[in-house]
Amino acid sequence: MTRAVSWLVTRLGVVLVPAWIVAAVAAAHWLPGISEGHGTPLGGLVPASATALRVQEHEVRKFGNTLLTPVVVVQHRPTPFSHAQLQQAIVRAELIDRHRVNRFVPLAVAAPVVSPDRTTAVTYLYFPADISPGHQLRVAQRYARTLDPPGLRTGPLLARDEEYSQIQRSLPWVTLATVGLIAIVLLLTFRAIVPPLLVLGTAGIAYTIAVHVLAWLGAERHQQVPKEVEPILVALLLGLVTDYAIFFLAGTRRRLAAGDSRFAAVDDTARHNLPIIVTAGLIVALGSLSLVAGHLAVFRSFGPGMAITVVIALAVATTFIPGLLALLGPLVFWPSLNRVERGPRERFWRGLTARPVSALVALVLAAALVAGCAGLLQLRLGFTLVRGQPPGAEVKRAQEWAQQSFAAGVTQPTEVLIEGRNLRNVDALAAATRLQEAVARVPGVARVLGPLTRPRATRALFVSRDGTTIRFLVVLHEEALDGKAIATLRRLESRMPSLLRSSGLGGATAAYAGDTALAQETVDAVRADGVRVGIVVLLVNLVLLALFLRAIWAPLYLLAASVLALGAALGAMTWIMERVLHHDDVTYYVPFAASVLLLSLGSDYNVFVVGRIWQSARERPLREAIAETAPRTSSTITTAGVTLAGSFAMLALIPLRPMRELALAMAVGILLDTFVVRSLLVPSLLALFSPRRRDTLDE
């Protein structure tokens, strides 16, 4: 079958090459592109069935409104506001509350709070439920501009919107930088102009088709493709297409230089590489698809999107590249076709495959990778939706203004609902005021707004109409989505039962809403998803490696090496982010997404390295096959790994902390995989555990 397929893609290049070009043009013309629409404040980043969301819905049913809002306007000046300025802000808010300002009809309530030093004012904006997020942001902007001095907007809704904008503005630069890197690497590798053009043209065709197919499938399923996916698609697709192309290019050049005809050279190269490349691509695709086992919508759409992208890249690379190589032949490598390649360092590899040496190398490298995993002990997960914005972003500047005079959590307070049948009587209300004082003393809590704060408004603002529910607003010292804020909420939840009993509300229950509660549930969901999806990814990789290698034990220790490299990469990323850059936490979904990608890509490189060794070992003992094959494939693997690591590193050009964390984790992980695991550890493990019989690889 491999012979038949390689013969077809070689001889049908005159058909396949223009067919893929036509397919790309048709996809760009007839299919939609990835949407730039806006979702809810946290979109698919939080569980759709989160308890915090249900608590807020219950609050609206009980009170007819909510004290939580995703849009806040912050005013700030170095010196205190004048009396006229404060009066203007209060009058403006009162007019909106009474629906007397036609320009702000979509606003239901504007509630300003002024700092004790009168240098900062925070205004909470509340909208009717039928107002779209985009309309809310536009109205908030008009409102902020009418104030004296003008205000700035902040909150999760604007932060999500600015994330989209930053990605949209940065994506062309990411693409150009990645293309430039690939061109330079290929020029240095092949010393010819055509290979970079061939690879980038193939990647452009695959990317055009993949992006429009994803958008079309999303429209058919009434699901929006998350904007965060697009830059990752660029990095993954360009990197993978380049990896696959390098194997075709290197093999074809070697055979052409040996005197083969163009059809024979491409046919033979395709026959040897297609099983390896297809298996490697399927491992990455199925590994990405395993994300559907998670609960978050962003992962459930991210996984299939990545899988479809890999399959399209695989289909284009394995047909377009061989077809074009067969058409152009030696012209692809002009003027360096006959350039002498560096001879294989067989003496080094024969020494490495000696069992005492391979045992020592494997032990030392494994110990070093385990030491690198130690950084994971410091890993703290959190949302960086606001903190992860670039310094000049409006949402971040407004948050910093608010923090100068208030606690950091003032822009996104946490809501606590206390429910019980006995809350209708006056004594229970007095007990609620005692509870408010007790909650305010919990470490990490800056201020609590409740019945004790505004006695005259108690019945209207903090107690439900039926008298069975009392609500509080809890302002935390930390920004609402910070990992420390999540820790404070956990502390409050653990102490709440005893606080209720000591306040005389032993029969009541507490529920929590707001962005900190959402973040806490999301982090917990990701931790659970990490175990579930991790098991699925490992099983998929293990099964595919076992089928490809027709072995049992080798896939186990190869996969163990990939897991060690993953742990070391995430440990290094955590150490750099939290110890060197002094960040409080790491974006909750970055370790999760990086783990799936790095495990799949690690198995992908396992196939490239071990597949060649296994092919050679059919004719000679395994240790001899390692010594003969490893040096011939090491340069190709190195070039492919550097290109893929560089592709992901370019994500750091997007000035958002999650993208830079992911860029660092992926680049470090791929480089570890390329220069440590595949180049040294895997050959050492293969030599160490090689069968002692010369005539079999059967394990």
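How many bridges join strand 6 (residues 414-419) to strand 8, and in which sense do the two strands run? There are 6 bridges, and the strands run antiparallel. This is a predicted model, with 21 helices and 10 strands in the protein. The notes below start with the whole chain, then turn to the sheet around strand 8, and finish with one helix.

**The whole protein**
- Of the 699 residues, 57% count as buried.
- Contacts here lean on long-range pairs: among those with a separation of 6 or more, 82% come from residues 24 or more positions apart.
- About 28700 Å² of the protein is exposed, and carbon and sulfur atoms supply 62% of that area.

**The sheet**
- Four strands line up in the order 7-8-6-9, giving an open sheet with antiparallel pairing.
- Strand 7 and strand 9 (509-513) sit at the edges, and each of them pairs on one side only.
- Ignoring direction, neighbouring strands of this sheet are turned by 25 degrees against each other on average.
- Helix 16 (residues 483-502) packs on the sheet and touches strand 6, strand 7, strand 8 and strand 9. Its direction makes about 165 degrees with that of strand 9.

**Who pairs with whom**
- Between strand 6 and strand 8, E419 has T469 as its bridge partner.
- Strand 7 (residues 445-449) joins strand 8 through 4 bridges, again in the antiparallel sense. For L449, the partner in strand 8 is L473.
- Strand 6 also pairs with strand 9, antiparallel and over 5 bridges. Here V416 is matched with Y512 of strand 9.

**Strand 8 up close**
- Strand 8 (residues 469-476) is mostly covered, with 8 of its 8 residues buried.
- T469, R471, L473 and V475 point one way from the strand, while I470, F472, V474 and L476 point the other way. Both sets are buried, R471 included.
- Two of the residues named in the pairings turn up in the first set: T469, the partner of E419, and L473, the partner of L449.

**Helix 5**
- Helix 5 covers residues 133-146, which makes 14 residues.
- At 1.5 Å a residue, helix 5 should span 20 Å, and its end C-alpha atoms are 20 Å apart, so the expected and modelled spans agree.
- The buried residues of helix 5 are G134, Q136, L137, V139, A140, Y143, A144 and T146.
- As background for reading that list, an α-helix has 3.6 residues a turn, so residues three or four places apart point the same way.

Conventions:
Residues are numbered from 1 along each chain as its sequence is written. This is a predicted model: local features need pLDDT of at least 70, side-chain atom pairs count only at pLDDT 80 or more; totals for chains, interfaces and linings use all residues. Side-chain values use heavy atoms; hydrogens and water are left out. Buried means under 20% relative accessible area, exposed over 50%, partly exposed in between (1.4 Å probe, protein chains only). Contact means heavy atoms within 4.5 Å. Accessible areas come from the Shrake-Rupley method with a 1.4 Å probe; for residues, only the protein chains shown count as cover. The expected span of a helix is 1.5 Å times one less than its number of residues. Two strands pair if DSSP finds at least two bridges between them. Axes are lines fitted to C-alpha atoms, for helices over the stretch in contact, and angles run from 0 to 180 degrees between N-to-C directions.
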